[in-house]
Each structure stands twice: as structure tokens, then as C-alpha cells.
Amino acid sequence: MYKEKILNMLRASRAGFLSGEELGRKAGISRTMVWKHIKALEQEGYGIEAVPSQGYRIVSAPDLLREGDIKPGLKTRVIGREIHLFPEVASTNTLAMEMASSGAPEGTVVLAETQTGGKGRRGRKWISPKGNLYLSVILRPDIPLYKAPVITLMGAVAAASTMRRMCEVKAFIKWPNDILVSGRKVGGLLTEMSAEQDRVRHIVLGIGIDANMELEALPPDVRAQATTLAAEAGGKIDRTAFLQQLLRELDRWYRVFLANEQDILMEWKSLNITTGNRVAISGAGEILEGIAQGIDDEGRLVIRQDNGTVRTVAAGDVTIVKKS
């Protein structure tokens with residue numbers, strides 16, 4: 001608590017330096033404790049200049065998310081009611097599912113700087129170096145099971161919209177859950193849920209976005225197909241500001257979904273790059289190839305094979321073969 005107070009005072013200082021005596025008086029602690037908290041901030045990566053008879057001032061700051069920076073000005077109705085931020089977790093989705101089962105309220109957000117066991121689709125590992133955004137959101141929509149896949153489409157619309165607004169990049173959606181910029185993957189989504197009979201109990205929407213990491217942090221085979229927002233925008237992004245806008249977009253589009261999921265499908269169609277292309281879909285022990293016709297009301301991909309057969313696919317890995 002005191003460390004946060006000292007950090008906030010240093011960041012808000014317009015005069016530059018603040019003395020240890022002044023910091024201690026305003027925080028209600030001794031100068032010795034002020035010094036200890038200054039050292040703790042330096043260990044977190046803050047560059048703090050100390051000058052005798054003048055005091056302390058911040059000269060550089062690490063690229064770290066802080067709960068105290070995220071909530072102010074958020075102004076959402078549902079998403080972000082609670083925000084839990086961790087330096088490292090095994091998986092934000094796993095933790096969010098546990099919290100949801102224990103009664104965490106709708107709109108709870110779980111964030112982490114890194115993940116040791118991040119989840120991708122079909123049991124794959126989501127490699128999670130520092131500098132990106134890893135979050136999971138707890139949702140409790142009163143909907144039948146067949147509508148649940150549209151939540152993933154809703155999250156993709158929110159993520160792509162945020163990238164376009166905050167980074168001025170042309171972000172597109174590849175069915176079912178990839179966000180692409182310049183033809184390379186910059187983000188992905190993973191939805192998990194708990195249900196009873198034919199109703200949803202709760203859903204966890206996981207989102208991973210490659211923001212400011214160095215591409216060298218990825219294995220070569222992954223690196224060749226990936227990019228970052230920083231690389232596409234020409235400079236590091238403000239992750240806090242981006243996250244705030246993403247939570248606002250999720251809040252807005254979630255309310256749209258609850259009112260009429262058809263509006264989500266229409267927006268998704270305007271942002272997708274799958275429809276109209278020749279695609280190969282692997283999964284369920286077979287590979288289907290054909291022209292992507294679009295999605296149905298439940299978010300499933302519809303393709304027309306070369307023999308004229310129309311198939312509907314609920315899940316699978318999609319490769320765009322070529323422009324049709």
C-alpha cells in the first residue's frame with residue numbers, strides 16, 4: 001500500500017523532485033521506510049534518481065501493468081467489476097475457471113504478465129513471454145448451449161476493433177479465433193465453459209495479444225507466422241491504455257450479444273478474412289477443403305466442397321489456401 005502511494009506521488013509530481021521527508025509525511029511513514037520502498041520500486045524496474053537535498057524523481061518506468069492504473073476511467077458496466085493482476089500464473093483461463101466455480105462475479109478479469117502453461121486451442125500451449133496481454137474474463141450469460149460459440153466471435157470483434165482504434169492497424173479475424181495483421185497472427189482467443197443440461201453456468205473468455213514482446217522470444221516455427229502490435233504500429237504500445245479500451249469494447253459488444261447475437265455475427269462478417277477464400281480445415285480425423293461461404297447463426301463455418309457438397313464445421317484448424 002505504501003509503495004503504491006509513493007509511486008503515485010512521484011508520478012504525479014510536477015516539480016520533479018520530492019524529498020524523502022515529504023514523501024514520508026504524506027504517506028504516514030518514516031524516511032527509512034520511504035527509502036526501502038524506493039529500493040523496491042527500483043527492483044521492479046523503475047529508474048529513480050536520488051539527489052541529496054532535493055529528493056527523488058522518476059526518470060524511467062518499466063512496461064508493467066498496475067491495477068491502480070487500469071480501473072480509473074474504465075467506465076464499464078459489467079467487464080472489469082473485479083480485476084486480479086498477477087506477475088505470473090500457469091494459465092489465466094484455468095485460474096478464472098476456478099474463480100468462477102467459487103462464485104466470482106460476472107465481469108471479473110484475470111490478468112498476468114506471463115503464463116507458464118498458457119492454453120491454446122486443441123490442447124496446445126500458448127507461449128507467453130513478457131510484454132504482451134494475457135487475460136481471461138468471467139461471463140455468466142443466461143443462454144442455451146448452442147449460443148455459446150458466438151461468445152468467441154464477440155471477443156474477436158472486440159479485440160480486432162481495439163487494435164484498429166488504438167494501433168491504427170488493419171486487424172482481421174480468421175475463423176474461428178485468430179486475429180491477424182498483415183497476414184500474421186497477432187492474437188487468439190480460447191473459450192471454456194461450465195454448463196448444466198442445456199444452459200450455460202459460466203463462460204471464461206481467454207484472450208492473448210502479442211503486444212510488445214520481441215519476436216525472438218518465440219520458437220522459429222511460431223515466429224514465422226506471428227507478428228506484434230508494436231512491429232505493425234511502428235513502436236511500442238501503451239499496454240494499459242490498450243487494455244482499458246479492450247475492456248470497454250468487450251463490455252460494449254457483450255451487451256450487444258445479450259440483446260441480439262445477430263448483430264455480433266454481422267460485425268464479425270465485416271471483419272473476417274475467411275469468407276470467400278479457399279480453405280483447408282483439419283480436425284475430427286479428416287481434412288476438408290473448399291470455399292468458405294460464411295458462418296451460420298451458431299457461428300459454425302460453412303464451406304462448399306469441389307463436388308458441390310455443403311458442410312458445416314463447428315471446430316477445426318483453418319488454413320487459407322489461396323484467394324478464390
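**Entry 1: the β6–β7 hairpin**

I began with strands β6 and β7, which form a hairpin with three residues between them. β6 covers residues 171-174 and β7 covers residues 178-181. I noted that they pair in the antiparallel sense, over four bridges. Looking for a residue opposite K174, I found D178 in β7. The model I am reading is predicted.

I then looked at what lies over the ring of F172. R164 sits over the face of that ring, 4.8 Å from the ring centre.

**Entry 2: the β1–β2 hairpin**

I turned to strands β1 (residues 47-51) and β2 (residues 55-60), and found antiparallel pairing over five bridges. These two strands also make a hairpin, and three residues lie between them. In the turn I checked S53, and its phi is positive, at about 70°. I wrote down V51 as the residue that stands opposite G55 in β2.

**Entry 3: the whole chain**

I stepped back to look at the chain as a whole. How many helices and strands are there in the chain? I listed 10 helices and 14 strands. The C-alpha trace spans about 85 × 40 × 30 Å along its principal axes. The chain has 324 residues, and buried residues make up 50% of them. I also looked up the contacts with a separation of 6 or more: residues 24 or more positions apart account for 63% of these.

**Entry 4: helix α9**

I checked the length of helix α9, which runs over residues 239-259. It has 21 residues, so at 1.5 Å a residue the helix should span 30 Å. The C-alpha atoms at its ends are 30 Å apart, which agrees with the expected span.

Which residue caps the N-terminal end of α9? I found D238 there, with a side-chain oxygen 3.1 Å from the backbone nitrogen of T240.

**Entry 5: two rings in α9**

I looked for aromatic pairs next, and the count came to one. The pair is Y254 and F257, with ring centres 6.4 Å apart and planes at 15°. Planes under 30 degrees apart count as stacked, so I entered this pair as stacked.

I also noted where the two residues sit in the helix. Y254 and F257 are three residues apart in α9, so about one helical turn separates them.

Are these residues buried or exposed? The cut-off for buried is under 20% relative accessible area. Y254 has 1% relative accessibility, so I put it down as buried. F257 has 2%, so I put F257 down as buried too.

**Entry 6: E286**

I looked up E286 and placed it in strand β11, which covers residues 286-295. Its relative accessible area is 35%, so E286 is partly exposed. Leaving aside residues up to four places away in sequence, I found that E286 touches I281 and R311. With R311 there is a polar contact between the two side chains, at 3.0 Å. I also checked E286 against V89, which is 197 residues away along the chain. Their C-alpha atoms are separated by 35 Å.

**Entry 7: N277**

My last entry is on N277, which lies in strand β10 (residues 277-283). Its relative accessible area is 5%, so N277 is buried. I looked for a polar partner of its side chain and noted the backbone oxygen of I273, which lies 2.6 Å from a polar atom of that side chain.

Conventions:
Residues are numbered from 1 along each chain as its sequence is written. This is a predicted model: local features need pLDDT of at least 70, side-chain atom pairs count only at pLDDT 80 or more; totals for chains, interfaces and linings use all residues. Side-chain values use heavy atoms; hydrogens and water are left out. The expected span of a helix is 1.5 Å times one less than its number of residues. A polar contact is a pair of N or O atoms within 3.5 Å; within protein, one must be able to donate a hydrogen and the other to accept it, and residues adjacent in sequence count only if both atoms are side-chain atoms. Two strands pair if DSSP finds at least two bridges between them. Rings of Phe, Tyr and Trp (its six-membered ring) pair if their centres lie within 6.5 Å; planes under 30 degrees apart count as stacked, over 60 as edge-to-face and the rest as tilted. Buried means under 20% relative accessible area, exposed over 50%, partly exposed in between (1.4 Å probe, protein chains only). A charge sits over a ring if NZ of Lys or CZ of Arg is within 6 Å of the ring centre and within 35 degrees of the ring normal. Contact means heavy atoms within 4.5 Å.
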